[in-house]
Amino acid sequence: MSEPLLRVTDLVKHFPITRGVVLQRQVGAVRAVDGVSFDVAQGETLGLVGETGCGKSTTARMLARLIDPTSGKIEFDGEDLAGLKGRALKDARRQIQMVFQDPYSSLNPRKRVGSIIEEPLRIHGLLSEGDARRKRVQELMDRVGLNPEHYNRFPHEFSGGQRQRIGVARAIALEPRLLIADEPVSALDVSIQAQILNLLKDLQKDMGLTIIFIAHDLSVVRHMCDRVAVMYLGKIAEIAPNEDLYAHPRHPYTEALLAAVPSPEPGRAGRARALLGGDVPSPANPPAACRFHTRCAYADAICSAEEPLLLQRDGSVAACHHPLSG
Amino acid sequence: MSTGTLLEEVFDADLIGHPEVVAARTPSQLFWRRFRQDRVAIASLGFIVFLSLVAIFAPLFVALAGTAPPNAIDSSLLNDFGLPTGPSLAHPFGVDGLGRDVLSRTVYGARTSLEIAILATLIATGIGVVLGMLAGFFGGWIDTLISRSVDVMLAFPVFLLALGLASGCSLGNGCAGGLIQPGISTVVVVIAIVSWTYPARLIRGQVLSLKEKEFVDAARSIGASNSRILFREILPNLVVPIIVYASLMIPTNILLEAALSFLGAGVPAPTASWGAMISDATSIFNTAWWYMLFPGLAILFTALAFNLVGDGLTDAMNPRAAD
């Protein structure tokens, strides 16, 4: 494989837990992301799935440099983004853009749509004032399936799906190479979800975009992604090509997630029901060794004694002492 | 409309027949529409406009009323015992202990009151908004510093502080190196100093919640600087709360000015001020009730009108809170 577009190495984000009002002292840390590594090749779509609180959004926000990683490397096209500041960071942001989860909160209610989409061009000083920029904004609106004449409207005049289109237009305004989509359809009606997903796929084809697609809905991920990374409590449990993951999960957690997907044919349970019991343990105090051992049906002594490494098995990479065979 | 959603199509279909029905409104338009339906607030706003016109055109108003200028002393208007005469055709509100016309002084007092209250409110709101935005947005030691200062200010016996500052600055060349001269500017600064804390707290809270919105992340991810996020993304969302809060602060400041003047720490004599008039009137109240009544009513109605407008704005901003 050629050099990947994005290589994430041992990315860590710990949020400190503090006590005290004036004199704060740290009493612990929420290990939101605890040593995550993966590669993304140019033009591919990598899915990032997991339950709420597993650290997938935190990972996305670190990649977009909205929050600073505690440690680790984010190499984009060979350059480490983790330490960038000021001018260099601003330039790097042009390459990586983000589509947000909530189309209601991600658009400033006080700004007109045209101005929202134009903002990235203005900030980066692209195109001259006035007509050229306006024309570009209207092109972008047309590209994402909005009526360019609605340039002067406010976000609240649009439906959820249309608002998400505005968010996509803003994200592609700078012609980024990597698009991070943080649960872009989870706030939308099911009937609208497919439209947005297809829009992202079309844009990927036309612009050669690389996409990191975050979701908790496995069927959406299956539709969108080339490879899928499953996260559990701040770590990656398994990374596998799309088809392999759905056909032959290696990690028991993946298997349980897949089993929890409702079947379209109720009479026939395709997979043996390996549902998860209990809740996700607190990321402030995660289980030792294998983080999944408290809920895993296959766990034995070694699982609570030794941390499993992410090891390659066939096409899949899984962190498990007892990987399932296909 | 091949690209629109169903909602959009319904929207446009309606638009053909009844353009007025679906005319989309901005949040500010909705705000004003709701405000206009509040009759009490509109009446109060009318009173404030009237009062402001009277204050601005005070000389004209006094000339029209045919009364003497506010500082014209006419001892012939005092009776044989040296006591002021009551309301008459020539002096509808009567005269004061020095033979000055109470109507003229009440009208000019509106000038003093409104000028001080509005200026002090603008300054206090300005300080409060800036500090509140900084505290809420940056957090950390900046927030600690600002929030603790607010706490200390709130714990202060504010009135004593105001009295001290006002008397300190009313002498000779003023204080702060001559920056604050005795007179109206002293009172304005004193009131601003003691009243910036509430808007600062309010704005800090608003910013704390606004900065968690995804549009702030979105602005950051497209490369916006902190100042751009603060002033271009967050500040526009604060306009309505700022207007509402300022409108509620004006009556408080009118009362504060009156209280300071009453205690002799307000604007220096002979400038007409409602608080000072009431203060002067206390010694002759049992014979010259009119001297206290009219400035008193002026304070009452003015403060009431501003409060009612402020309440109307609050309800219009947040219609569900009214129920």
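**Entry 1: chain A overall**

I began with burial in chain A, where 43% of the 326 residues count as buried. I note at once that this is a predicted model, with an ipTM of 0.86 and a pTM of 0.80. I then looked up the secondary structure of chain A and found nine helices and twelve strands. For the overall dimensions, I recorded that the C-alpha atoms of chain A fill a box of roughly 70 × 60 × 45 Å along the principal axes. I also checked the radius of gyration: a compact globule with 326 residues would have a value near 20 Å, and the 21 Å of chain A agrees with this. Of the contacts in chain A between residues at least 6 apart in sequence, 64% join residues at least 24 apart.

**Entry 2: the four-stranded sheet of chain A**

I traced an open sheet of four strands in chain A, in the order β2-β1-β4-β5 and with antiparallel pairing. Which strands stand at its edges? They are β2 (25-40) and β5 (79-80) of chain A, each of which pairs on one side only. Inside the sheet I followed β1(A) and β4(A), which are joined in the antiparallel sense over five bridges, and I noted that Val12(A) has Ser71(A) in β4(A) as its bridge partner.

Moving along, I looked at strand β4 (residues 71-76) of chain A and β5(A), which run antiparallel and are joined by two bridges. Here Phe76(A) stands opposite Glu79(A) in β5(A). The two strands form a hairpin with two residues between them, and Asp77(A) takes a positive phi near 55 degrees there. What packs on this sheet? I found helix α1 (residues 56-63) of chain A, which touches β1 (6-19), β2 and β4 of chain A, and whose direction makes about 75 degrees with that of β2(A).

**Entry 3: the eight-stranded sheet of chain A**

I next wrote down an open sheet of eight strands in chain A, with mixed pairing and the order β6-β7-β8-β3-β9-β10-β12-β11. At its edges stand β6 (96-99) and β11 (310-313) of chain A; each has a single partner strand, so one side of each is left without a neighbour in the sheet. Averaged over this sheet, and with direction ignored, neighbouring strands are turned by 20 degrees against each other.

I then examined the end of the sheet that holds β11(A). Strand β10 (residues 235-241) of chain A pairs with strand β12 (residues 316-319) of chain A in the antiparallel sense over two bridges, and the bridge partner of Glu238(A) is Ala318(A) in β12(A). On to the edge strand: β11(A) and β12(A) run antiparallel and are joined by four bridges, with Arg313(A) opposite Ser316(A) in β12(A). I see a hairpin here with two residues between β11(A) and β12(A), and Asp314(A) in the turn has a positive phi of about 55 degrees.

**Entry 4: chain B**

For chain B, I first looked at confidence: the pLDDT averages 82, and 86% of the residues score at least 70. I marked residues 1-22 of chain B for caution, as the pLDDT there is below 50, and this stretch has 19 contacts in the model beyond near neighbours in sequence. Chain B contains 14 helices and zero strands. Buried residues make up 41% of its 323 residues, and of the contacts between residues at least 6 apart in sequence, 69% join residues at least 24 apart.

I picked out Gly296(B), which is found in helix α14 (residues 289-317) of chain B. Is Gly296(B) buried, exposed or partly exposed? It counts as partly exposed, because it has 17 C-beta neighbours inside 10 Å, whereas a buried residue would need 20 or more. I also looked up its separation from Pro92(B): the two are 204 residues apart in sequence and 16 Å apart in space, C-alpha to C-alpha.

**Entry 5: where the chains meet**

How many residues of each chain are in contact with the other chain? I noted 30 residues of chain A in contact with 21 residues of chain B. On the side of chain A that touches chain B, α2 (86-93), β6, α3 (113-123) and α5 (160-172) of chain A each supply at least two residues. Sorted by class, this side of chain A has twelve nonpolar, ten polar and eight charged residues. I note that β6 (96-99) of chain A also stands at an edge of the eight-stranded sheet.

Methods: Residues numbered from 1 in each chain as written. Chains lettered and ligands numbered in written order. Predicted model: local features only at pLDDT ≥ 70, side-chain atom pairs only at ≥ 80, totals over all residues. pLDDT = per-residue confidence, 0-100. Contact = placed C-beta atoms within 7 Å. Pairing = 2+ DSSP bridges. Axes fitted to C-alpha atoms, helices over the stretch in contact; angles between N-to-C directions. Nonpolar A, V, L, I, M, F, W, Y, C, P; charged D, E, K, R; others polar. Rg over C-alpha atoms; globule rule 2.2 N^0.38 Å. Buried ≥ 20, exposed ≤ 12 C-beta atoms within 10 Å, placed from the backbone.
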